[in-house]
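Dear colleague,

Please find the structure below, handed over for your study. My findings on the pocket and the ligand follow it.

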Amino acid sequence: MTRTSEISGFYKLPPEERVRRVKEFANLTDDEASLLGSTGSLGLQTADRMIENVIGAIPVPLGIATNFLINGKDYLIPMAIEEPSVVAAASNAAKMARSTGGFKTSTTGSVMIGQIQVVGIADPNAARFDLLSQKDLILKKANEQDPMLVSLGGGARDLRARVIDTPRGRMIIAELLVDCKDAMGANAVNTMAEAVAPLVEGLTGGRVLLRIISNLATERLMRAKAIFSTDALGGAEVVDAILDAYAFAASDIYRASTHNKGIMNGVTAVVLATGNDTRAIEAGAHTYAARSGRYQPLTCWEKNGDGNLVGTLEMPLAVGLVGGATATHPIARISVKILGVKSALELGEIICAVGLAQNLAALRALATEGIQRGHMNLHARNVAIAAGAEGDLIDRVAAKMVEERRVRMDRAKEILQQLKGT
Ligand code: NAD
C-alpha cells in the first residue's frame with residue numbers, strides 16, 4: 001500500500017479513527033496508539049472541540065511556584081513547563097523578594113489594538129482626516145458587535161489612524177482601541193475590525209485588506225518591581241555581578257535574546273497553565289523588546305541607595321480569564337482557581353512578577369556558580385530516564401552522573417549497566 005499524507009476528510013473522522021489512520025501510516029504499536037488516545041484530564045472529546053484533526057494530547061508537567069508575595073497578597077503560581085529548574089528558580093527568587101516586601105505591580109489597563117489596513121488611496125493624509133472625523137460612528141458600529149463586552153464596561157474606546165510608507169506605496173492603518181476587560185480579546189477585536197471595514201472604505205475611498213488584532217499590546221502593559229537585598233543575594237559582589245550581567249544583555253543582542261528567554265520561561269509557563277495564548281504573549285514581548293529599533297532586555301536592574309538590587313519588568317501581557325482555552329481546558333480553570341485571581345489584569349500583573357523573579361534567578365545563577373549545577377540535577381534525571389532507568393535507578397544513575405560531572409546519555413547507560421549488574 002502507498003503511504004500518502006493526503007487523507008481526504010481526515011477532519012471529519014472521529015479521533016479514534018484518526019489514531020487508527022496515523023497508526024497505520026507511521027507503523028505505531030498498539031501501545032503507542034492507545035497512549036495517544038489516553039489524554040488524561042483534558043478528555044479526547046474536549047480536545048477534539050478545541051483544535052482540528054485531534055489524535056491526542058501531550059501532557060506537560062504542571063508545577064507550583066511557592067513564596068510569591070505580590071502587592072501584599074500570597075499566591076501559589078501554577079506553571080506548565082517541560083524544562084527542569086524553572087519552577088524551583090522562580091520559587092527561590094520569590095523567597096528572596098519576601099523580606100523586602102515582595103513584588104509590587106501595576107498595569108496600564110486592558111485595551112487592545114485592532115488594525116485595519118486601507119490601500120489604494122491617492123490622498124491618504126486627507127482621507128485619514130475624513131476617517132477620524134467620523135470616529136463616533138465607527139466606535140458605535142464596533143460596539144454593536146459585542147453588547148456583552150459593552151455591558152461589562154468594555155468595548156471600543158478610541159480610533160486612531162496613521163499613514164505609513166511601504167514597499168507597495170502609502171497606506172492608512174486605522175486602529176481601533178478596544179477595552180477587552182477579562183478577555184484576551186483577539187476574537188472580540190477581530191470581529192469589530194471586520195465589522196467597521198465597509199465604513200472605513202466608504203470614508204476613505206480606499207480598499208480595506210487586513211483586519212486583525214495587534215499582538216504588540218502597548219495599551220496593555222504590566223509592570224512589576226521588586227527589591228532584592230544584598231544579604232539575600234549573597235553579598236555586594238553578587239549585586240555587582242548581576243548588574244554586569246544585565247549590562248551585557250543591554251549592550252549585546254545575542255545575550256539580550258537569552259536574557260529575555262529566561263524571563264519568558266516564567267511568563268510562558270503561567271500563560272500556558274492558565275490556558276492563554278503563549279504565541280500571542282511571546283510575539284508581543286519580543287516586539288516590545290525591540291520597540292526602540294534595537295532589541296533590548298525587557299527587565300531593568302539597578303542598585304538603590306542602600307546598595308540593594310532593584311528589578312523592574314514592563315511588558316505587554318494580553319491574558320484573559322474568559323474565552324479561548326482559559327474557559328474550556330479543565331486544568332486551566334483549576335490553575336486560575338489556585339491563583340485566586342479576580343480579573344485578567346490581576347493575572348497579567350502576577351505573570352509579570354513571575355517573569356521578573358525568573359530573570360533574577362537566572363542572572364544570579366549565571367553571575368555566580370553558573371547555571372549548570374542546579375540545572376544538571378534535574379536534567380540528569382531526564383537523561384537517566386532516557387537511558388532506560390526506572391524506579392529508584394533513576395535517582396541513583398542521576399546522582400552518579402552529577403557527582404562525576406558527566407551528565408551524558410552514554411555515561412547514563414554505562415552506569416545503568418553497572419547498577420543492574422550489581
Ligand atoms: P472569546 O471571543 O472566546 O471571548 C471574548 C468574549 O467573551 C467577549 O467578546 C465578550 O463578549 C465575552 N465576555 C464574557 N465575559 C467577559 C468578561 N468578563 N470580559 C470580557 N469579555 C467577556 O475570546 P477572545 O478573548 O476575544 O479571543 C481569544 C482567542 O483568540 C484565543 O484563543 C486566541 O488564541 C485567539 N486568537 C488570537 C489571535 C492573535 O493573538 N493574533 C488571532 C486570532 C485568534
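The lining of the largest pocket divides into 25 nonpolar, 14 polar and five charged residues. Here Ala, Val, Leu, Ile, Met, Phe, Trp, Tyr, Cys and Pro count as nonpolar, Asp, Glu, Lys and Arg as charged, and the others, Gly among them, as polar. A pocket is an open set of points on a 1 Å grid over the protein atoms alone, where a 1.4 Å probe fits, with protein on both sides within 12 Å along at least five of seven lines; lining residues have an atom within 4 Å of a point.

This is a predicted model, in which local features need pLDDT of at least 70 and side-chain atom pairs count only at pLDDT 80 or more, while totals for chains, interfaces and linings use all residues. Residues are numbered from 1 along each chain as its sequence is written, and side-chain values use heavy atoms, without hydrogens and water.

The volume of the largest pocket is about 1,300 Å³ (the space filled by probe spheres set on the points, which are joined across faces, edges and corners). Among its 44 lining residues, Met50, Gly275, Ala325, Thr326 and His329 are the closest to its centre.

The ligand sits in this pocket, meaning that more than half of its atoms lie within 2 Å of the grid points. A polar side-chain atom of Asn215 is 2.9 Å from an oxygen atom of the ligand. For the polar backbone atoms, the distance to a ligand oxygen is 3.1 Å at Met184 and 3.4 Å at Ala186.

Yours sincerely

Technical notes
A polar contact is a pair of N or O atoms within 3.5 Å; within protein, one must be able to donate a hydrogen and the other to accept it, and residues adjacent in sequence count only if both atoms are side-chain atoms.
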